[in-house]
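I opened this entry to keep a record of what I looked up and in what order. The topics are a sheet, a helix and the cysteines.

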Amino acid sequence: MQQRSVAIENGRISKGPLPEVDLTGYYILPGIVDLHGAALDVLRASLPCRTDAGTLFAVAEQEAAAHGVTTAWLSQGWSWEGGAADPAEAQRILSLHADYVACRALLDLRMSLVCETHTVESRDALLGAIRRYRVDLVHFANRFAALTTGAPGLHSVSADLSMRLRRAGSESREVPRHLCRLAEGFDTLGVTYGSLDDPDGETRETFSMIGAKLCTRPARRQAAALARAVGDPVLLPAPAILNGGAGPSDAAAIDFVRTGLCNALVSDRSYAALPQAAFALAENGLLGLPRAWAMVSSIPAAIVGLPDRGVIDYGRRADLALVNARTHVVEGTIVAGRVAHLAGAVADRFLSSPAEVALAAE
């Protein structure tokens with residue numbers, strides 16, 4: 001941590017001198033890079049059913065900006081289960097996202113896909129959508145196994161889901177080859193990919209062997225340990241850090257950080273948890289603040305190959321979070337030199353400054 005000024009010019013960190021805004025009493029930190037956000041699922045459940053996709057994107061990124069997020073991936077399902085994760089619906093959302101980003105986005109707002117393993121029939125459509133909409137991040141998930149292995153019998157689910165489960169199950173023998181072909185396609189397209197909710201080390205090892213290196217939200221310590229043993233990044237949900245051991249997975253999250261089994265944090269279902277978790281790790285003495293904040297900024301940026309952000313240095317993108325040093329509340333967010341969020345006392349300082357302030361417009 002340094003006591004110094006940060007100059008912004010043409011969307012980049014510069015050397016100045018330039019007109020000043022006095023931010024004494026604030027931390028100026030690298031903008032947060034969030035690799036897995038479930039905001040769309042959260043908003044679909046909480047907003048009226050007729051809410052259009054443009055509103056979903058706008059609400060999601062306003063919430064992200066209010067908590068210091070400057071680069072965010074919104075997760076969209078691609079599954080045999082139908083509904084919001086149906087391949088046709090997923091392609092519709094990807095198309096609407098492309099339109100939204102072209103004219104309204106405040107942040108570097110991207111889409112990721114959570115691809116269910118038993119989707120053999122839609123492989124060509126999936127690869128086509130990834131190519132067409134330039135999706136650069138995919139997670140594999142296996143809901144089929146979660147619903148059928150050690151779960152109640154098919155009589156306990158709806159008739160429609162039971163039918164879909166049987167259809168997905170008929171593809172089981174083709175799934176290993178299907179995943180390998182998808183991995184080859186992802187490699188060709190330059191997609192970063194991993195797996196979500198690995199239940200054990202064996203599952204993580206299988207995904208790692210086909211190139212799915214990200215281990216996101218592992219369900220058990222064995223999965224995280226296997227990932228770290230082979231050099232795969234482990235991404236944990238920030239809310240689990242804050243829950244103070246309320247559940248078994250939350251206790252594990254703290255332990256993962258303490259024992260070096262966590263590389264970075266993701267928002268999962270709460271953008272607010274990202275800055276809060278970083279400060280909580282520092283306040284609890286688990287990590288120093290620079291290292292804790294790196295878990296939500298420079299480390300995730302490096303994982304997906306974005307060297308222009310995540311740190312404050314000359315020539316890098318001016319993606320910044322302005323955090324009240326006393327309350328740890330994010331009061332300002334700057335994305336590529338434009339103000340995407342202003343609140344509290346920091347807003348008064350910007351608005352009363354002689355400096356020319358570029359405000360991001362929706």
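The notes below go through the sheet, then one helix, then the cysteines.

**The sheet.** I kept in mind throughout that this is a predicted model. I began with the strand order and found an open sheet of four strands, β3-β12-β13-β14, with antiparallel pairing. I then looked at the edges: β3 (26-30) and β14 each have a single partner strand, so one side of each is left without a neighbour in the sheet. From one strand to the next, the twist averages 20°. Helix α15, residues 344-351, packs on this sheet and touches β3, β12, β13 and β14, while its direction makes about 50° with that of β13.

**Strand β13 and its two partners.** I turned next to β13 (residues 330-335), where I found six of six residues buried. On one side, β13 pairs with β12 (residues 320-324) in the antiparallel sense over four bridges. I noted two positions in this pairing: Leu320 has Ile334 as its bridge partner, and Ala321 stands opposite Thr333. The hairpin of β12 and β13 has five residues between the strands, and in it I found His328 with a positive phi near 65°.

With β14 (residues 338-342), β13 again pairs in the antiparallel sense over four bridges, and here Val335 stands opposite Arg338. The hairpin that β13 and β14 form has two residues between the strands, and Ala336 in the turn takes a positive phi of about 50°.

**Helix α6.** Which residues of α6 are buried? For this helix, residues 159-169, I listed Leu161, Ser162, Leu165 and Ala168. Seen down the helix axis, these buried residues fall within an arc of 125°, so they line one face of α6. I checked what they pack against and found α5 (143-148), whereas Ala159, Arg166 and Arg167, on the other side of α6, are exposed.

**The cysteines.** How many disulfides does the count come to? With a cut-off of 2.5 Å between cysteine sulfur atoms, I obtained zero. I looked at Cys180 in particular, which is in no disulfide, the nearest cysteine sulfur being that of Cys115, 13 Å away. I also recorded accessibility: Cys180, at 36% relative accessibility, counts as partly exposed, and Cys103, with a relative accessible area of 58%, is exposed.

Conventions
Residues numbered from 1 in each chain as written. Predicted model: local features only at pLDDT ≥ 70, side-chain atom pairs only at ≥ 80, totals over all residues. Heavy atoms only, no water. Buried < 20%, exposed > 50% of the residue type's maximum accessible area, 1.4 Å probe, protein only. Pairing = 2+ DSSP bridges. Arc of directions from axis to C-beta. Contact = heavy atoms within 4.5 Å. Axes fitted to C-alpha atoms, helices over the stretch in contact; angles between N-to-C directions.
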